Amino acid sequence: MGGVTSSVAAKLAFFPPSPPSYEVVTEPESGVVRLSRFPHRENVEVLRLPTRRGTEIVALYVRNPLAASTLLYSHGNAADLGQMYELFVELSIHLRVNLLGYDYSGYGQSSGKPSEQNTYADIEAAYKCLVENYSAKDEEIVLYGQSVGSGPTVNLAARLPHLRAVVLHSPILSGLRVMYPVKRTYWFDIYKNIDKISLVNCPVLVIHGTSDEVVDFSHGTKLWELCNEKYEPLWLKGGKHCDLELFPEYIKHLKKFISAVEKPPSQRSTWRRSGNQFELSRMSTSRLEPSRMSFDRRERSKPSAAKSKSKDQRSPNVEKPEKMMISFDKMEKSRRSLDCFGLYGKHVADQQDRGRRSVDRLDRIWAG
């Protein structure tokens with residue numbers, strides 16, 4: 001059963017850039033290790049980390065001498081470190097944080113194949129590196145998960161009660177819910193964030209674009225509603241799946257969040273509430289409610305699903321797969337729903353890559 005789940009995950013969720021956007025290069029004279037596309041920076045280290053599942057992943061550690069926090073960044077499903085490099089450097093500078101980013105197994109120059117369970121082992125290896133190699137404490141670590149990266153992020157955060165904070169950027173409720181408006185958790189679903197987010201006991205910031213064409217905006221709002229310790233969410237009006245970093249509000253809100261969670265716990269009481277104070281911010285997106293309700297109408301329009309629910313009461317949270325009439329041909333056609341690069345084609349992929357690599361462009365935007 002686990003093998004089938006892993007196969008479904010690999011088929012629907014993972015699109016590593018092919019060929020990889022970089023190679024790992026060791027300078028013959030100095031022995032310095034760097035990514036082939038970028039010159040060596042004194043504050044950037046390229047690492048190879050073993051995982052408990054036998055793979056070896058590539059990671060980048062960006063050091064900021066003024067940092068009081070360390071960001072552990074899990075990127076989206078169609079990028080690798082070569083495409084994220086400059087963004088990582090900029091985030092480290094603008095947020096005044098150390099940052100560790102890594103490639104999942106099967107991505108970039110990491111060995112193995114991508115799978116849900118491998119990504120869990122990958123983020124654990126990255127976390128272990130921070131603790132053992134850089135003496136980072138849980139109370140200083142902020143987990144950051146983008147899109148599919150929200151899966152390993154929430155999974156790890158649910159098991160670490162003393163984290164400083166979590167950031168969820170265009171997160172998913174679960175893999176299957178991206179494609180189908182299901183209301184129950186199926187055994188073969190992947191990245192079941194909807195069932196794990198309540199186990200996260202640190203401040204959580206959710207960022208989502210209201211016009212996200214890949215992961216519906218309702219994923220972000222629902223996860224935010226389920227958080228134990230809500231921070232003011234950032235709903236970017238008109239924001240899509242792959243462009244949120246280009247909004248000036250993005251870096252401003254992140255700065256505000258990092259500054260807030262770096263304060264002593266006794267000084268955080270102004271926002272450690274049930275989240276009612278942010279209701280107005282959430283309701284400002286109510287114009288999108290009809291589209292969210294359309295999922296409910298589609299769900300009600302499937303009598304077979306309703307019958308399945310009434311017949312099988314033995315497991316309230318998990319439905320049997322045979323009751324759900326899913327065409328895997330249809331899944332194959334829609335599998336790129338998680339892939340903003342596949343969605344737009346190579347031209348936009350190149351455009352996005354150029355945007356990520358343009359330090360001057362983001363500097364101008366973030367400078368306001």
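## Strand β6 and its neighbours

At 3% relative accessibility, S147 counts as buried, because the cut-off for that label is under 20% relative accessible area. Keep in mind that this is a predicted model. The rest of this briefing looks at the strands around β6, then at a few backbone spots to check by eye.

**Strand β6 (residues 97-102)**
- Six of the six residues in β6 are buried, so the strand is largely enclosed by the rest of the structure.
- Both of its faces are covered. On one side sit V97, L99 and G101, on the other N98, L100 and Y102, and all of them are buried.
- β6 runs antiparallel to strand β4 (residues 56-62), with four bridges joining the two.
- With strand β5 (residues 69-74), β6 runs parallel, and five bridges join that pair.
- L100 in β6 is a handy landmark: Y61 stands opposite L100, and so does L72.
- Over at G101 in β6, the residue standing opposite is L60.

**The β-α-β unit**
- β5, helix α2 (residues 81-95) and β6 together make a β-α-β unit, and the unit is right-handed.
- The loop between α2 and β6 holds R96. Phi of R96 is near 55°, which is a positive value in a residue other than glycine.

**Strand β4 and its hairpin with β3**
- Six of the seven residues of β4 are buried, so β4, too, is largely enclosed by the rest of the structure.
- Strand β3 (residues 44-50) and β4 run antiparallel, joined by seven bridges.
- E45 has Y61 in β4 as its bridge partner; Y61 also stands opposite L100 in β6.
- The hairpin of β3 and β4 has five residues between the strands, and G54 in that hairpin takes a positive phi near 90°.

**Backbone spots in other loops**
- S18 and P19 are joined by a cis peptide bond, with omega at about 0°. P19 belongs to the loop between α1 (2-13) and β1 (24-26).
- S147, the buried residue from the opening, is found in the loop between β7 (141-146) and α4 (150-157). Phi of S147 is near 55°, again a positive value in a residue other than glycine.

How values were computed
Residues numbered from 1 in each chain as written. Predicted model: local features only at pLDDT ≥ 70, side-chain atom pairs only at ≥ 80, totals over all residues. Heavy atoms only, no water. Buried < 20%, exposed > 50% of the residue type's maximum accessible area, 1.4 Å probe, protein only. Pairing = 2+ DSSP bridges. Right-handed = clockwise from strand over helix to strand, strands pointing away.
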